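Welcome! Let's get to know this structure together, one question at a time.

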Amino acid sequence: MFLDQLSLAWPEVILGVGVLVLIVWGAFQGKSNAVFNGAAVLLLAAAAIAAVVGPHGSAFAGGMIADPISAFAKVFIYGFSAVAIILSDRWLARRGEQKFELAILVILAALGMGVMASAGDLISLYMGIELHSLALYVLAAFRRDDAKGSEAGLKYFVLGALSSGLLLYGASLIYGFAGSTQFPEIAAAVAEGGAEGGVLFGLVFLICGIAFKVSAAPFHMWTPDVYEGAPTPIVGFFAAAPKLAAMVLLARVLSEAFGSAIDEWRQVIVAIALLSIFVGAFAGLAQRNLKRLWAYSSIANIGYALLGLAAGGEAGGTAMLLFMVLYMVDVTGFFACLCALNRDGKPMETIDDMAGLVKERPGLALAITAFSLSALGLPPFAGFWAKFYVFKAAIGAGETYMVWAAVLGLVGSVVAAFYYLRLLKVMWMDPAPGATDKPAFEGKAFAYVAAVFSFLACMPFLYFIEPVAKAAAAVLG
Amino acid sequence: MPLATIAFYLMATVTVLAALAVVTARNPVHSVLFLITAFFSAAGLFVLMGAEFLAMLLVVVYVGAVAVLFLFVVMMLDVDFKSLRQGFAQYLPVGLIIAGILTIEMIIVATSVATRGAASKVVGPEASAPDVSNAETIGRVLYTDYAYFFQAAGLVLLVAMIGAIVLTLRHKPGVKRQNIAAQTARGPKTGMTIVDIKPGAGEGE
């Protein structure tokens, strides 16, 4: 009986037990090395396989749901976490600040994200969010002697605690008015009594709390500061996997617990989405630091993902999942480039640092060009297809204001095009101020793979992944 | 008057008076001690309501951990409470208004949850299982239905512990620590060296 339930949670069990073994191993070994990190990556791979082949169903009194969408999300979450371990560990090793806790914290964060992706209860929702964000706060301040990194960690922690408070307040109101923390029973209470004041009030607070985690405007204030201060490869991790987990969680809460109140929450989500798109586009114009710039870019991109989600149903869910996956590849590739690039031993983090890169490092410059054009949404890059699915879903939602929202989203992406093009101009036209150092192998490797994916491989990939995403999103339908 | 009623009025009065004393006491250490008194009498109120598990939690968590932590902070940190207290009379009207609004809001939320929310459908705590104490009831679900959440909470605490170690533990070089195994393993062979000093050279290790 208990073992049946446990078999649904195989990925979590593998990661949970594995991480305890790794802690003991790491404590005896002291520092991380290739074997240790290889074991961590294998652990994540094993969990991803368990998520795919494992049985589907719901366990622990509805607290944990294993279904196609949780499997879909977990595969990508664990995959990008593994990439983050390799990139960050090598990056820290070059600075002599290698620690075995890095892999442990990333795995624990991945575990929390997996809990979020398969949450079927307000308690597991909160547990997952808290588990992954606590690990992320520590990762942000991982270079503890770096003043900016510590500032980033502290800011992230304080604002994250605030958002957890909002989320818990919303959850307690929902529990008070719906009488249960389980999504199906909340759905029954909402359908029975209509979405009346108390439940809706709680839902708005819940959305605020999760919007903070995906850094959607107006809850985005922490993003640029944290991205600027945190170690570069870890920012690449922040911008990818946690966003997917929180988006899947939001999709699940909205469709499974509040499916019948779609007319109420759709307006809130569309408002947040449009605000994110425009804040990301306009505030990004003033940025010179690339990490801050990509923070605003990620705010705008979350806006598009939310727009897809607001379309609702299977089409909206598919659009959101595909958008997030394509965006995650782009953003990880971009931060891999930033990890690889140094000039005179200093990381190249501003737009001006990139001047003349195309003559010195043509491969990485081409990769950054691909990511910028993809983020801009130019066909045939991955970003174009991502936005294509979102706008198709928004227009197909059958609401006039959703069509207008899609139009406004297009306008936003035209505004944002300016800063991507400025980066390209500086990189291709301006003279270089000095020689760049030899780029690190793993940063280059990930950057090239992501760039090839973004330019060429995304279409065959989409051909295979679209039915999978559709089957996953059918749960939300 | 039945004993329970007397106990209720006694403990309610103590709770309110102690809570008032927390904010009015001049000495911050006294404030914390009054806070502990308020927690204890509130725990007594919980027992009267039949919620003995909550009462135990209140004593263990709030009195045992939180209040003691406050006491530590108050006594260890050099906080200038006089300057914090300045402008008390000036901000009093605004504070009273906010407190009034909060009270009204809490009453509205509590009554609307009780009349229209899910709580209105619950018959009463006795209806479910009269002969089982509520600590036992919680224990029955905590390690079965809620085992997943329970383990997740354990992992959250593990992350907090690892985080604290990663961010604060420093291995200082040059610190001399006692190594008992090395000390007891020391014998004549390892602890003593015979140096052959040439007469008149006057050198050694």
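Q: What pattern does chain B follow, read along the sequence?
A: This is a predicted model, so everything here describes a prediction. Chain B has 9 helices and 0 strands. Read along the sequence, its pattern is therefore written with helices throughout: α-α-α-α-α-α-α-α-α.

Q: Why is chain B described as more spread out than a compact globule?
A: A good place to start is the box filled by the C-alpha atoms of chain B, roughly 100 × 55 × 35 Å along the principal axes. For 205 residues, the globule rule gives 17 Å. Chain B is more spread out than a compact globule because its radius of gyration is well over that value, at 30 Å.

Q: What percentage of the residues of chain B count as buried?
A: To count as buried, a residue needs 20 or more other C-beta atoms within 10 Å of its own. Of the 205 residues of chain B, the share that passes this test is 10%.

Q: Which element gives the most to the side of chain A that touches chain B?
A: Here 29 residues of chain A are in contact with 20 residues of chain B. On the chain A side, the elements giving two or more residues are α5 (101–117), α6 (122–140) and α7 (147–178). With 8 residues, the one that gives the most is α6(A).

Q: How many residues on the side of chain A that touches chain B are nonpolar?
A: Let's sort that side of chain A by residue type. It includes 6 polar and 4 charged residues. The nonpolar residues number 19.

Technical notes: Residues numbered from 1 in each chain as written. Chains lettered and ligands numbered in written order. Predicted model: local features only at pLDDT ≥ 70, side-chain atom pairs only at ≥ 80, totals over all residues. Contact = placed C-beta atoms within 7 Å. Helix = DSSP H or I, 4+ residues; strand = E, 2+ residues; numbered from the N terminus. Nonpolar A, V, L, I, M, F, W, Y, C, P; charged D, E, K, R; others polar. Rg over C-alpha atoms; globule rule 2.2 N^0.38 Å. Buried ≥ 20, exposed ≤ 12 C-beta atoms within 10 Å, placed from the backbone.
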